[in-house]
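Q: I'm new to this structure and would like a close look at one spot. Please pick a pocket, tell me what surrounds it, and follow the chain outward from there.

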Amino acid sequence: MHLSAAAIRSDSAQALFSNKAVSVPDYDPAATNPGIVHLGIGAFHRAHMAAYVDSLLASHPDWAIIGASLRRPDARDALAPQDFLYTLAIRDASGTRARIIGAIRDVLDASADRTELIEIMALPAIRIVSLTVTEKGYCSAPATGELDEAHPDIVHDLAHPDAPLSAPGIIVAALKLRQARGLIPFTVMSCDNLPSNGRTAGRIVRRFAELTGDEALIDYVNTVSFPSTMIDRIVPATTDKDREIVNDIIGLEDAWPIMTEPFTQWVIEDDFPAGRPPFEQAGAQLVDDVEPFELMKLRMLNGSHSTMAYLGYLSGHQYVSEAIADPGIHKLIHGLMTEEVIPTLPMSRESLEAYRDQLLARFANPALNHRTWQIAMDGTQKLPQRLLGTIRARIDAGQSYTRLALGVAAWMRYVTGIDEKGQPIDVKDPLSARLRQLADAAGPDADQLATNLLTVTEVFGTDLPASKAFRDEVTNHLKSLLETGAAATIARLG
Ligand code: CS2
């Protein structure tokens, strides 16, 4: 039997759930009303924000979520037949806990039609529009966080404002409709791994509005608030094996369960003029300034993740848990956080070392099959906030950054598209064609490869390529990676 509202109320399911400690919504999802529209209804949102909202709906039924996927129809296809219910499977070495989530009331396939989505975003009841559209969904230049005005989707959306493709285009179209209806704006809450994600989202949306030349709209968009958030939960892509595990536990077929770890954290800047659910009652931290938390998470967790993804993949490790079990990689990541990242952060060393140890344990979670290839994706959008910002801070302080530079060199080695055994690597990146061209033009020469890739100013800016010390450090690592491989390079670092 398929997962559905009726199925989870059946006697057989209730009996099984009480035996196996499967939890179900403590409210009737059909009796809730949407207050949030979420753009980018992928695995991450379903493991994180939707779970917080799920905890609140019994007491605050007017904050259910309408999700939209902007690129693919698959979320709607999978979830509609099961009344938008899905299982969140929380896994570690001790086992799997299943929680059925009812917070999502509908999923729109906005890859096919944006009209309905924009219409819903302009309903009075919608007070928050949240986003997990990934770094590239902001259509920005990663090095600066400014709107990329030449981005094909932005060019399209400015020419066709009523049929937008991009997240900024959709948000501005919905705000325009709200303005026409005399409504106050919704709050835009970014939940992506960007530096100052609220400020970045605000800068991009406001710039898009400016480019429309519509003065009244520009004024209205200037009144929108864009709180920053720091979001943290590791959520690997779901596999068929995961589906089997979950179906076995819940005794029902769930077309798209989500696998995650026990750890979860959400720090939110408290700036919601249109109102918000009491996220703090679900465990979120509401603060005045999220930036220190974001910096800590991006540099410690995501910086380590990307470094491990490239070096791990090149060393033949399919999963993060395998990479971190490799003594060379463990030592490198421990050293990267302790020696190079922690001194750049404003918190106490003691608390940061505790955070580091917790991260090392999370990376080692043997039940999360988190592929290095998944994290390696979209490197051009990730490197600036994960590694390059930290390198800049180290340079400014006159300090060394050899492990961080190895992470950058490993990315360069990875985007050549050929692994250490001569097999092709499926490099997923919005700039992959250009990266491939630059790599092919360089051939196996480390100097040339580094020189070519450092011309990608959207990633490196102009300051880092101009620093001889930075170029030398990256080139030396790259030479070693090309000539001796990842494992020997890591070992040499000691
Ligand atoms: C990962 C993140 O895929 C990636 O790039 O580094 O998705 C990471 O798992 C999350 O940020 C954890 O909160």
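A: Before we start, a word on terms: the domain bounds used here come from an automatic or database domain assignment. A residue counts as lining a pocket if it has an atom within 4 Å of one of the pocket's grid points. Also keep in mind that this is a predicted model.

Let's go for the second largest pocket, with a volume of about 340 Å³. Where does it sit? Domain 1 covers 5–287 and domain 2 covers 291–493, and both give residues to the lining, so the pocket lies between them.

Now for the walls. There are 20 lining residues, and those nearest the centre are Pro 142, Ala 143, Pro 195, Pro 384 and Gln 385. Three elements give two or more residues each: α9 (197–212), α12 (291–314) and α17 (379–396). The largest share comes from α17, which supplies five residues. As for chemistry, the lining is a mix: eight polar residues, seven nonpolar and five charged.

Since α17 gives so much of the wall, let's stop at one of its residues. Gly 379 belongs to this helix. Buried or exposed? With a relative accessible area of just 1%, Gly 379 is buried, because the cut-off for that is under 20%. You can also look from Gly 379 across to Arg 436: they are 57 residues apart in sequence, and their C-alpha atoms are 13 Å apart in space.

Next, α9. Leading up to this helix is a loop that starts from β9, and Ser 196 is in that loop. Ser 196 has a backbone quirk: its phi is positive, about 40°, although it is not a glycine. Most residues other than glycine have a negative phi. At 16% relative accessible area, Ser 196 also counts as buried.

Follow the chain back from that loop and you reach β9 itself, which takes you into an open sheet. Five strands pair in parallel there, in the order β5-β2-β1-β6-β9. The edges are β5 (104–109) and β9 (187–190), each pairing on one side only. On average, neighbouring strands in this sheet are turned by 20° against each other, direction ignored.

What does β9 pair with? Its partner is β6, running parallel and joined by four bridges. One spot to find on screen is Leu 131, which stands opposite Ser 190 in β9. On β6, Ile 128 and Ser 130 point one way while Val 129 and Leu 131 point the other, and all of them are buried. Another parallel pairing links β6 to β1 (residues 34–39), again over four bridges. Within that pairing, Val 37 has Val 129 as its bridge partner. Towards the other edge, β2 (residues 64–69) pairs with β5 in the parallel sense over five bridges, and there Gly 67 is matched with Val 107.

Stay with β6 a moment longer, because the loop between β6 (128–131) and β7 (140–141) holds Thr 134. Thr 134 is another residue other than glycine with a positive phi, near 65°. At 35% relative accessibility, Thr 134 is partly exposed.

Finally, compare the pocket with an enclosed space. The model has four cavities of 30 Å³ or more, and the largest holds about 60 Å³. Its lining consists of Arg 91, Pro 236, Ala 237, Thr 239, Asp 242, Met 259, Ala 367, Leu 368 and Asn 369. By type, that is five nonpolar, two polar and two charged residues. At least three of the lining residues come from each of domain 1 and domain 2.

To finish, look at Val 235, in the loop between β10 (229–232) and α11 (240–250). Val 235 is buried, at 9% relative accessibility. Its C-alpha is 7.0 Å from that of Ala 47, though the two are 188 residues apart along the chain. Strand β10 is covered on both faces, with Thr 229 and Ile 231 buried on one side and Met 230 and Asp 232 on the other.

Notes
Residues are numbered from 1 along each chain as its sequence is written. This is a predicted model: local features need pLDDT of at least 70, side-chain atom pairs count only at pLDDT 80 or more; totals for chains, interfaces and linings use all residues. Side-chain values use heavy atoms; hydrogens and water are left out. On a 1 Å grid over the protein atoms alone, a cavity is a set of points where a 1.4 Å probe fits but cannot get out, and a pocket is an open set with protein on both sides within 12 Å along at least five of seven lines; lining residues have an atom within 4 Å of a point. Grid points are joined across faces, edges and corners, and a volume is the space filled by probe spheres set on the points. Ala, Val, Leu, Ile, Met, Phe, Trp, Tyr, Cys and Pro count as nonpolar, Asp, Glu, Lys and Arg as charged, and the others, Gly among them, as polar. Two strands pair if DSSP finds at least two bridges between them. Axes are lines fitted to C-alpha atoms, for helices over the stretch in contact, and angles run from 0 to 180 degrees between N-to-C directions. Buried means under 20% relative accessible area, exposed over 50%, partly exposed in between (1.4 Å probe, protein chains only).
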